[in-house]
Structures are given as C-alpha cells and as structure tokens.
Amino acid sequence: MKKHWIAAAFVACLLLTGCGAAEHTEDETTGSAVQANTEQPVSKEIFAMDTYMTITAYGENGQKAVDAAQQEIERLDALLSTGSADSEISALNASGTAQLSSDSAELVSCALEINESTGGAFDITVYPLMQAWGFTDESYRVPSDSELTTLMETIGSDQLDWDADNRTLTLGDGQAIDLGGIAKGYTSGRIMELFDECGVESGMVSLGGNVHVHGAKPDGSKWRIGIQDPENSEDIAGVLEVTDCAVITSGGYERYFEQDGTTYHHIIDPSTGKPADNGLTSVTIVSADGTLADGLSTALFVMGVDQATEYWRQHADEFDAVMITEDGTIFVTEGIADVFSSDRTFETIARK
Ligand code: AMP
Ligand code: MG
C-alpha cells in the first residue's frame with residue numbers, strides 16, 4: 001500500500017510544481033512558476049477505492065469543488081466497491097440480478113461496449129478469477145489448472161443479460177462482476193463535471209496515480225504528468241504535457257504477489273484465467289473520456305503491444321497510448337508523440 005502512496009504523491013508533485021525528470025526549466029523545478037502567476041490551489045488527500053487520492057482545484061470556488069469531489073468519490077466508492085458487502089455491486093453479485101442505479105448502469109454499458117470492441121480483453125466477469133487468485137482479500141494463491149478450468153465456465157460478458165432500458169442486469173450461473181477496471185476513470189470523469197459545475201477552470205485529480213486534468217494550469221501552461229517507470233517506483237519513464245484529459249495507467253507492478261520466484265499481478269487475461277502475460281509492463285491511455293481511458297488501459301495491457309497497436313490504429317480518434325514492454329522499450333502513439341518527453345529513446349507508433 002505504501003507504494004501506491006509514494007506513486008500518488010510523486011505524480012501530484014509533478015503536477016503542482018512541474019518537477020518532471022525531463023526538460024524542466026529552472027522555474028518549474030523550484031515550483032515558483034505556479035506560485036508567481038496564480039492563486040494557491042486547494043488540495044486534499046484522501047484514501048478511498050483502496051488507494052490514495054489527491055484532489056486539487058484552483059480559483060475562488062476551489063474549496064467547494066474539492067469538497068464536492070470528495071463527496072462524489074465516497075458516494076461512488078460505497079456504490080461500486082466489491083470490497084464492501086452492502087455496495088450495489090456486492091448485492092448484485094450475491095443475488096444474481098438487480099436493477100442498477102444510473103451510475104452503475106452507465107458503467108455496465110461502457111464495460112460491455114469496451115468488452116465487445118476489445119474482443120473480450122476487457123471483461124467485468126473476471127471477478128471469480130480475482131477471488132481465486134486472492135486479489136480480493138489479499139489471500140494470494142495460485143489456483144490449480146483444474147480449478148481455473150471450472151471457473152473459466154463462468155467468464156464471459158456474453159453470459160450477462162443486460163436490459164439497458166430497465167437498467168436490469170442478470171448474471172449467468174456462478175458469475176460475479178467487478179468494475180475495478182473502469183470505476184476510477186468514471187469517477188475522475190464525474191469530478192471533471194463537478195469542477196465545471198463549480199466554475200473551476202483549473203484542477204486535477206490523481207486517483208492512485210490515475211490522473212485527470214481539467215483545463216490548463218492557472219498560468220495557462222500544460223499539466224506535466226509523470227508516467228511511473230514500471231521497474232522502479234521512484235523513477236519516471238517519461239512526462240506527458242496535456243490539458244483537459246485523463247491519463248490512466250495500468251501496470252502489473254500496481255498489485256501483485258510472488259510465489260516460487262514468479263510474480264503474479266492483478267490484471268487477468270480473460271482468455272486464460274491467469275495474469276496477463278503478453279510482454280507489457282505498463283499501458284497509459286490518454287483520452288478525454290476517463291471511463292474509456294481506464295477500460296482501455298486494462299484491455300491493452302491484456303492484448304500486448306502488437307494487438308494494442310492494431311486496436312489503436314482503428315480507434316486513433318478516441319485515445320492515445322504510451323506502452324512499455326518487458327525489455328524497457330517505450331512505444332508512444334503518434335497523436336501524443338510531440339507532448340511526450342523522456343530521458344530514454346522511444347518509438348513512435350504511426351497511424352500508417
Ligand atoms: P486497472 O488497474 O485499471 O488495470 O484495473 C485492474 C482491476 O480491474 C483489477 O484489480 C480487477 O478488479 C479488474 N480486472 C482485472 N483484469 C481485468 C480484465 N481483463 N477486464 C476487466 N477488469 C479486469
Ligand atoms: Mg483500467
């Protein structure tokens with residue numbers, strides 16, 4: 001857990017002071033650029049959704065916006081968490097059918113769309129596998145092949161019966177769902193809406209290192225967001241300079257356990273029932289749509305770099321990506337290549 005905190009704090013530091021590893025100016029490293037040109041931000045750190053979060057807003061309504069954001073995070077956490085027995089999703093998983101709130105319904109609709117477009121790489125029915133591997137309660141273990149074979153019968157969004165008009169979801173036999181792969185992106189998107197409603201023009205949230213920025217920084221410059229080096233939690237692999245978008249990363253290093261010299265992480269390949277093992281160590285998605293960015297960060301991690309590249313080429317108008325492979329190669333899609341900087345060389349993926 002400490003790791004999450006360090007990562008979240010590190011990203012927040014980058015945003016507020018601009019202290020990136022690459023290409024920083026003298027002003028940025030000292031943080032004086034922000035302080036000289038603008039009012040002080042209102043910033044709050046909270047623990048929710050199993051991770052440390054930072055909410056920051058500038059301007060006269062900053063406090064109101066940060067308080068509203070905190071309430072929204074806590075409301076959505078209570079609704080969506082599989083970790084609390086009385087959440088809406090836990091009730092659905094226990095009973096097998098439920099009429100969902102509008103938030104959960106929107107998430108389920110988005111999850112099913114992403115499931116379809118990614119050929120099943122993103123699948124909210126992985127929850128029984130998350131339980132079997134012990135990720136839901138930290139009772140980590142490696143399930144036997146026969147246990148996985150049996151469990152795999154319950155995996156597949158095609159077994160879900162979703163009545164969108166009535167917002168009613170009915171699970172197949174033995175199924176349970178987990179919105180952990182998109183809930184934070186949806187939440188950060190909601191916070192951007194709240195910032196708008198509060199009249200805040202400049203702000204950001206970091207939900208366990210998943211960042212969503214609103215507008216530009218108060219001095220008009222872009223936000224600088226560090227992408228963690230998957231091999232070293234205290235280092236960054238590169239910096240993105242962006243406005244008005246979500247920057248959401250999935251990495252095997254975020255949650256894992258080791259057994260007999262092998263590392264098992266929390267992103268499951270729905271086609272094998274095992275932690276995805278397709279050569280990627282992290283995938284960062286940049287998109288105006290937080291829910292999509294979160295779902296795709298998980299899905300492209302499962303796909304591996306070749307399939308993910310093909311997917312991006314077909315959906316280049318919806319998002320961009322930074323992908324890091326096991327050998328340390330950084331791939332950046334063309335749409336963000338000129339706002340990405342790194343001490344290392346990186347390869348640009350062209351549209352073709
Ligand atoms: P993220 O950190 O956004 O990649 O999400 C990882 C979380 O999503 C895990 O902790 C699970 O709750 C869930 N999850 C794991 N594998 C998948 C998958 N293939 N599709 C959808 N959700 C998943
Ligand atoms: Mg995700």
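**View 1. Strand 7 and strand 10 of this predicted model, joined by 3 bridges.** Strand 7, which covers residues 210-214, runs antiparallel to strand 10. One position can be followed across the pair, where H212 has A246 of strand 10 as its bridge partner. In general, the strands of a sheet pair through backbone hydrogen bonds, in either a parallel or an antiparallel way.

**View 2. The open sheet formed by 9 strands.** The strands follow the order 1-2-6-7-10-15-16-17-19, and their pairing is mixed. Because strand 1 and strand 19 (347-349) each have a single partner strand, they stand at the edges, and one side of each is left without a neighbour in the sheet. On average, and with direction ignored, neighbouring strands of this sheet are turned by 15° against each other.

**View 3. Two helices that pack on the sheet.** Helix 4, made of residues 62-80, touches strand 1, strand 2 and strand 6 (203-207), and its direction makes about 10° with that of strand 1. Helix 10, made of residues 290-303, touches strand 7, strand 10 and strand 15 (280-287), and its direction makes about 160° with that of strand 15.

**View 4. M49, in the loop between strand 1 (42-48) and strand 2 (51-57).** The phi of M49 is near 50°, which is a positive value in a residue other than glycine. M49 counts as buried because its relative accessibility is 13%, and buried means under 20%.

**View 5. D244, in the loop between strand 9 (232-242) and strand 10 (245-251).** Although D244 is not a glycine, its phi is positive, at about 45°. With a relative accessibility of 45%, D244 counts as partly exposed.

How values were computed:
Residues numbered from 1 in each chain as written. Chains lettered and ligands numbered in written order. Predicted model: local features only at pLDDT ≥ 70, side-chain atom pairs only at ≥ 80, totals over all residues. Heavy atoms only, no water. Helix = DSSP H or I, 4+ residues; strand = E, 2+ residues; numbered from the N terminus. Buried < 20%, exposed > 50% of the residue type's maximum accessible area, 1.4 Å probe, protein only. Pairing = 2+ DSSP bridges. Axes fitted to C-alpha atoms, helices over the stretch in contact; angles between N-to-C directions. Contact = heavy atoms within 4.5 Å.
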